Amino acid sequence: MRVNAYAAPAAGEPLAPTTIERREVGADDVLIAIEYAGICHSDIHTVNGDWGPQPYPLVPGHEIVGTVTEVGADVTRHRVGDRVGVGCMVGSCGECDNCRNGDEQYCRKGMIGTYAATDRDGTTTQGGYSTHVVVDADYVLSIPEGLDPAAATPLLCAGITTYSPLKHWQAGPGRKVAVVGLGGLGHMAVKIAHAMGAEVTVLSQSLKKQEDGLRLGADHYFATSDPDTFEALASSFDLVVNTVSAKIDVSAYLGLLAVNGAMVNVGAPAEPLSLNVFSLLSNRRTFAGSMIGGIAETQEMLDFCAEHGIVSEVEVIAADQVNEAYERVLASDVRYRFVIDTSTLA
Ligand code: NAP
Ligand code: ZN
């Protein structure tokens with residue numbers, strides 16, 4: 001079927017309306033009428049070619065919420081009328097050890113990304129800035145009742161990308177967690193770490209968003225532009241989650257870790273990060289990374305958020321405001337996630 005979408009025609013060019021082809025609904029597929037698509041900074045990195053060449057025209061969007069309108073003959077997991085979500089991944093081999101362990105994002109054959117990836121049938125996947133999408137039902141999440149659909153949309157990437165490392169590195173009571181960068185991922189990290197019971201500190205470039213940070217669940221808030229911050233907080237955190245989309249001074253942040261502390265990078269800047277090894281040796285520190293989360297873990301995160309009343313702070317926009325929204329994200333002027341109302345594409 002031919003559907004309306006918003007696509008980047010070439011690297012760094014403004015997105016524009018277009019139409020794309022969605023495959024026929026196969027036996028294992030569901031057809032989703034998309035209601036909302038979130039704007040992740042990864043969309044911007046990809047469109048701008050920060051991570052290398054891309055297949056254009058490219059429809060971004062890997063935070064997708066909508067309603068099932070058709071199911072394939074073999075689908076039992078979802079029914080017509082269900083509210084569902086799709087995140088960064090629409091396929092994986094399903095057979096390797098990582099897939100079997102629920103770490104499909106680390107599939108040994110490579111997971112299939114929601115956009116700009118080669119699908120099983122050889123076509124290029126196209127993302128959620130669109131009216132409809134056809135996805136293998138095993139990669140489609142159930143949105144719990146009670147979560148506002150627009151505000152729940154960013155959970156599909158920003159939510160799971162922060163939930164997964166927070167859980168893996170045991171954010172919880174008695175643990176001190178710092179979140180670097182209060183953007184889309186950062187504000188979800190604050191809410192989720194707080195709900196897990198950790199003592200949460202925001203490390204933002206300035207104090208501009210301090211009131212918000214404390215309202216979202218942070219216990220403390222510091223400006224990284226103030227050099228005293230790094231002295232005052234030296235050797236104090238068990239976990240530092242870096243969500244910054246640009247290059248930062250990793251060594252300075254490693255210095256904030258207590259003995260056995262870990263700094264986990266979820267931010268994915270275009271430039272390589274460098275560090276002074278001595279900042280790792282001291283306090284037996286770890287520097288790690290983490291990419292989204294598995295399918296079962298994503299469902300667990302959605303259920304956790306429903307239980308704790310957690311959604312994203314969103315600014316809902318029309319599709320023709322996407323380019324302006326990109327500019328604002330790049331200027332750190334987002335509180336805290338733009339979500340496209342895809343009915344404006346119809
Ligand atoms: P975002 O909404 O733009 O948030 C990034 C935040 O980083 C900004 O709000 C800002 O926070 C801070 N920041 C930006 N530029 C900075 C600079 N030059 N120096 C210091 N701080 C700066 O982006 P996002 O959607 O949360 O994504 C964040 C990063 O995570 C991106 O690189 C994205 O590609 C990546 N990502 C990774 C995964 C994964 O699986 N690992 C998944 C999704 C996204 P303050 O204003 O508070 O300083
Ligand atoms: Zn994302």
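The following questions and answers concern the zinc site, the cysteines and the ligand 1 site of a predicted model. Local features need pLDDT of at least 70 and side-chain atom pairs count only at pLDDT 80 or more, while totals for chains, interfaces and linings use all residues. Residues are numbered from 1 along each chain as its sequence is written, chains are lettered from A and ligands numbered from 1 in the order in which they are written, and side-chain values use heavy atoms, with hydrogens and water left out.

Me: Which atoms coordinate the zinc ion (ligand 2)?

Reply: Donors are N, O and S atoms within 2.8 Å of the metal (3.2 Å for Na, K and Ca); water is not among the atoms, so sites may look incomplete. The coordination distances are 2.0 to 2.2 Å. The atoms are C40 (SG), H62 (NE2) and C157 (SG).

Me: How are the donor residues of the zinc ion spaced in sequence, and how many residues apart are the parts tied together by H62 and C157?

Reply: The spacing is C-x21-H-x94-C. H62 lies in the loop between α1 (41-47) and β4 (64-71), and C157 in the loop between α3 (149-152) and α4 (158-168); helices (H or I, at least four residues) and strands (E, at least two) are DSSP runs, numbered from the N terminus. The pair therefore ties together parts whose separation in sequence is 95 residues.

Me: How many disulfides are counted?

Reply: A disulfide is a pair of cysteine sulfur atoms within 2.5 Å. The sulfur of C96 has its closest cysteine sulfur in C99, at 3.7 Å, which is too far for a bond. C305 is in no disulfide either, the nearest cysteine sulfur, that of C157, being 13 Å away. The count is zero.

Me: Is C305 buried or exposed?

Reply: Buried means under 20% relative accessible area, exposed over 50%, partly exposed in between (1.4 Å probe, protein chains only). The relative accessibility of C305 is 0%, so C305 counts as buried.

Me: To which backbone atom is an oxygen atom of ligand 1 placed at 2.7 Å?

Reply: L182 is among the residues that come nearest to ligand 1. The partner of the oxygen atom at 2.7 Å is a polar backbone atom of L182.

Me: How much of the accessible area of ligand 1 does the protein cover?

Reply: Accessible areas come from the Shrake-Rupley method with a 1.4 Å probe; for residues, only the protein chains shown count as cover. On its own, ligand 1 has 930 Å² of accessible area. The protein covers 89%.

How values were computed. Near = heavy atom within 4 Å. Polar contact = N/O pair within 3.5 Å; in protein donor to acceptor, adjacent residues only side chain to side chain.
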